[in-house]
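Good morning. I will go through one structure today, starting with two local oddities and then moving on to helix packing and empty space. Please look at the sequence and the model as I talk.

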Amino acid sequence: MRCVALFPGQGAQTPHFLRGLPDHESVLGTLSEAAQVLEEDPRSLDSAEALQSTVAVQLSTLIAGVAYARLLSAKGVEPDGVAGLSVGAFTAAVACGSLPFTDALRLVRLRAVSMESAFARGGAGMLAVLGLGEAAVRTLVEGISRPSTPLYLAGVNSPTEIVLAGADAALAAAADAASRAGARARRLCMSVPSHCPLLNSVSARLREALGEVRLQSARVPYIGNVRARALTSAADIAEDLILNVSHTVRWYESVTLAYELGARVFIEAPPGRALTNLVRKEFPQARALAAADSPLDSVVHAATAALLRVP
């Protein structure tokens, strides 16, 4: 593995990011295909107003990532590994040839609608804790979580960037506890507590829906969210897509695995650059480029050089 494509999840979006995609036939074709499945213009999903909806955010993020992966392919770049954070895992599954794009659109819409429905009245969300390790945060969670105000470890983005999910009151208590421990806490723009057992019902709906979808073995390794393993079988990829909404996302371990397998160039599809920044911080010997702020020619050059390198 030498060049890995990274696909972001919810939270990276900015208004009108789909309109910033290059004017290329592969991008236009992706937008047209999405319009046929969704029965609406995808570019209506990324307005500031539309992005208040989890459904619009997740669908537009999927569409942007697939469009960019197809653009790279049209330029002769085929990364030899893929990884996606949260809903970005569906984009990764499309990019590695396992999940058809049309099915991904339907599944992501189901996922997002189910997430919104599960917490339509609010009262829960997510919090990033910066400056404490996983063990310390687990101890913090154990001291705060109660049946009436649950709190869970939802994601490990880096050794000192841990994401929590749970009830608003528990998140507020966790922010206070983190501050007292010398760390920083930042509430995420999420009204749904993702990646924890509070969304087991969403995983159940995805399992049922994926039972009707024919996935293929991946052309290149797909690095999973839940166990941070390089997967190629259709069954393993489907299981990761089902479980990542209700289980802790081991993102740091996923990127570490890619690096240990030889990846030295990481390309982050739009929108955003958060995954690029994490790679730069934790793996300074690697080169990480985000489509959001890197010219396409630079991305193609870096990826091509990495893929031509003798393993």
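Start at P271, which sits in the loop between β9 and α10. Keep in mind that this is a predicted model. What kind of peptide bond joins P270 and P271? It is a cis bond, with omega at about 0°.

The other local point is S86, in the loop between β2, residues 81-84, and α3. S86 is not a glycine, yet its phi is positive, at about 60°. For background, most residues other than glycine have a negative phi, and most peptide bonds are trans. That is the reason for showing you these two places.

Now the helices. I have three pairs.

The first pair is α2 and α4. Their axes lie 8 Å apart, and the packing angle is about 155°. How do we describe that direction? Angles over 145 degrees count as roughly antiparallel, and therefore α2 and α4 are roughly antiparallel to each other. The crossing of α2 past α4 is right-handed. On the α2 side, the contact uses T54, V55, Q58, L59, L62, I63, V66 and R70. On the α4 side, the residues are F101, A104, L105, V108, R109, R111, A112, V113, M115 and E116. Sorted by class, this contact has 12 nonpolar, two polar and four charged residues.

The second pair again involves α4, this time with α1, which covers residues 25-38. Here the angle is about 55° and the axes are 10 Å apart. α1 and α4 are therefore oblique to each other. α1 also passes α4 in a right-handed crossing. From α1, the contact takes T30, E33, A34, V37 and L38; from α4, it takes F101, T102, L105, R106 and R109. These residues divide into five nonpolar, two polar and three charged.

The third pair is α3, residues 88-95, with α8, residues 234-243. The angle between them is about 160°, with 9 Å between the axes. That makes α3 roughly antiparallel to α8. What is the handedness of the crossing of α3 and α8? It is left-handed. The contact is made by A89, F90 and A93 of α3 with I237, D240 and L241 of α8. Five of these residues are nonpolar, none is polar and one is charged.

That leaves empty space. Rolling a probe the size of a water molecule over the atoms shows where empty space is left. I will take the open pockets, then the enclosed cavity.

The largest pocket has a volume of about 700 Å³. Its lining has 33 residues, and those that lie nearest the centre are Q10, G11, L85, N157 and L188. Which elements give two or more residues to this lining? They are α4, β3, β4, β5 and α10. Of these, α10 gives the most, with four residues. By class, the lining has 16 nonpolar, 12 polar and five charged residues.

The second largest pocket holds about 350 Å³ of space. It is lined by 25 residues, and A69, E78, A95, C96 and R219 lie nearest its centre. At least two lining residues come from each of β1, α2, α3 and β9. The most come from α2, which gives six. In this lining, 18 residues are nonpolar, three polar and four charged.

Finally, the cavity. How many cavities of 30 Å³ or more does the count give? It gives one, and the space in it is about 30 Å³. The lining consists of N157, W251, Y252, V255, L275, L278, V279, E282 and F283. Both α9, residues 251-260, and α10, residues 274-282, supply at least two of those residues. The largest share, four residues, comes from α10. The lining has seven nonpolar residues, one polar and one charged.

Before I stop, look at α10 once more. This helix gives the most residues to the lining of the largest pocket, and the largest share of the cavity lining also comes from α10. N157 is named in both places too: it is among the residues nearest the centre of the largest pocket, and N157 also lines the cavity. That is the end of my part.

Notes. Residues numbered from 1 in each chain as written. Predicted model: local features only at pLDDT ≥ 70, side-chain atom pairs only at ≥ 80, totals over all residues. Heavy atoms only, no water. Axes fitted to C-alpha atoms, helices over the stretch in contact; angles between N-to-C directions. Parallel < 35°, antiparallel > 145°, perpendicular 65-115°, else oblique. Left-handed = near helix turned anticlockwise from the far one by under 90°. Contact = heavy atoms within 4.5 Å. Nonpolar A, V, L, I, M, F, W, Y, C, P; charged D, E, K, R; others polar. 1 Å grid on protein atoms, 1.4 Å probe; cavity = no way out; pocket = protein on both sides within 12 Å on 5 of 7 lines; lining within 4 Å. Points joined across faces, edges and corners; volume = space filled by probe spheres on them.
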